[in-house]
Amino acid sequence: MSVDRARVERITRELLEAIGEDPDRPGLRQTPSRMADLYSEFFAGVGEDPAAPLAHTISVTRGPAPDTLPSGAVLLRDIRFRSVCEHHLLPFAGRAHIAYLPGEQVVGLGALVRVVEILATRPQVQERLGEQIADTIAENLDTRGVLVVLDASHGCVTMRGGRQPEASTLTIAARGEYTDAVSRAELIALIGASGAGSMHG
């Protein structure tokens, strides 16, 4: 389902009036149209199937280069993402780290990025976003384990309430073998090796 741009424009005008502003003054005249553009981008994942990018897989044993494919975990670090918190419609953004233990099938790394993008571009909470990414991968790939770590900064924490600009939220979602803390410890260490300073910005 695509965003109803005309309706977003009408509601934005009404919102500007509700806060005591004049939507026809020069600085705000284009704001309804800009908000329609923004919401079309921020909520592009609503109604989109996050499993679709995982449909094309590569056989580990019968693929084009079986000698180059992994025997252990596949770990993709530092996937930048941004989403919108469903509680206040304020943005949150950060990095996703995804690991999975392949069975017979692997998937192109870009497909994992698309899963994150589709699920992030809808009203979200970080905890659910991580769980949804993990479920999508676990249920649609031949995996023995999935680990999803999200590290994000939230507008509702940094810009309102306690106003903690340096605060970030870390969530972990695990499936299969990675539900065991010992099994996922090495991956957590590898993710941390990317450097805490690079997790934001």
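Is Arg114 buried, exposed or partly exposed, and at what relative accessibility? In this predicted model, Arg114 counts as partly exposed, its relative accessibility being 33%. The residue is one of several charged positions described below, after an outline of the chain.

**Overall architecture**

The chain contains 6 helices and 7 strands, and when these elements are read from the N terminus they follow the order α-α-β-β-β-β-α-β-α-β-α-β-α. Along the principal axes, the C-alpha atoms occupy a box of roughly 65 × 35 × 20 Å. Of the 201 residues in the chain, 39% are buried, while the area that the chain exposes comes to about 10,700 Å², with carbon and sulfur atoms supplying 54% of this surface. If one takes the contacts between residues at least 6 apart in sequence, 70% of them join residues that are at least 24 apart.

**Charges and salt bridges**

The chain carries 20 positive and 26 negative charges, and the mean positions of these two sets are 5 Å apart. The count of salt bridges comes to 10, and three of the pairs are listed here with their N to O distances.

| Salt bridge | Closest N to O distance |
|---|---|
| Arg13 and Asp24 | 3.1 Å |
| Glu41 and Arg82 | 3.1 Å |
| Arg114 and Glu48 | 2.7 Å |

The pair in the first row is a salt bridge between Arg13 and Asp24. Because Arg13 belongs to helix α1 (residues 5-18) and Asp24 to the loop between α1 and α2 (31-42), this pair ties together parts that are 11 residues apart in sequence. Both partners have some accessible surface: Arg13 is partly exposed with a relative accessible area of 30%, and Asp24 is likewise partly exposed, with a value of 42%.

The salt bridge of the second row joins the side chains of Glu41 and Arg82. Since Glu41 sits in helix α2 and Arg82 in strand β2 (residues 74-85), the link ties together parts that are 41 residues apart in sequence. Glu41 is partly exposed, at 48% relative accessible area, and Arg82 also counts as partly exposed, at 25% relative accessibility.

In the third row, Arg114 forms a salt bridge with Glu48. Arg114 is placed in helix α3 (residues 109-120) and Glu48 in the loop between α2 and β1 (57-59), so that the pair ties together parts that are 66 residues apart in sequence. Glu48 counts as partly exposed at 33% relative accessibility, which is also the value given for Arg114. Salt bridges with shared partners further join Glu48, Arg114 and Glu117 into one network.

**A buried acidic residue**

Asp151 belongs to strand β6, which spans residues 143-154. Which side chain of opposite charge is nearest to Asp151, and how far away is it? That side chain is Arg95, at 7.6 Å, and Asp151, although buried, has no salt bridge. The 7.6 Å separation from Arg95 can be set against the limit of 4 Å between a side-chain nitrogen and a carboxyl oxygen that defines a salt bridge. The side chain of Asp151 does, however, make a polar contact of 3.3 Å with the side chain of Ser168.

Notes: Residues numbered from 1 in each chain as written. Predicted model: local features only at pLDDT ≥ 70, side-chain atom pairs only at ≥ 80, totals over all residues. Heavy atoms only, no water. Helix = DSSP H or I, 4+ residues; strand = E, 2+ residues; numbered from the N terminus. Buried < 20%, exposed > 50% of the residue type's maximum accessible area, 1.4 Å probe, protein only. Lys, Arg positive; Asp, Glu negative; His and termini not counted. Polar contact = N/O pair within 3.5 Å; in protein donor to acceptor, adjacent residues only side chain to side chain. Contact = heavy atoms within 4.5 Å. Areas by Shrake-Rupley, 256 points an atom, 1.4 Å probe, with all protein chains shown as cover. Charge placed at Lys NZ, Arg CZ, Asp CG, Glu CD.
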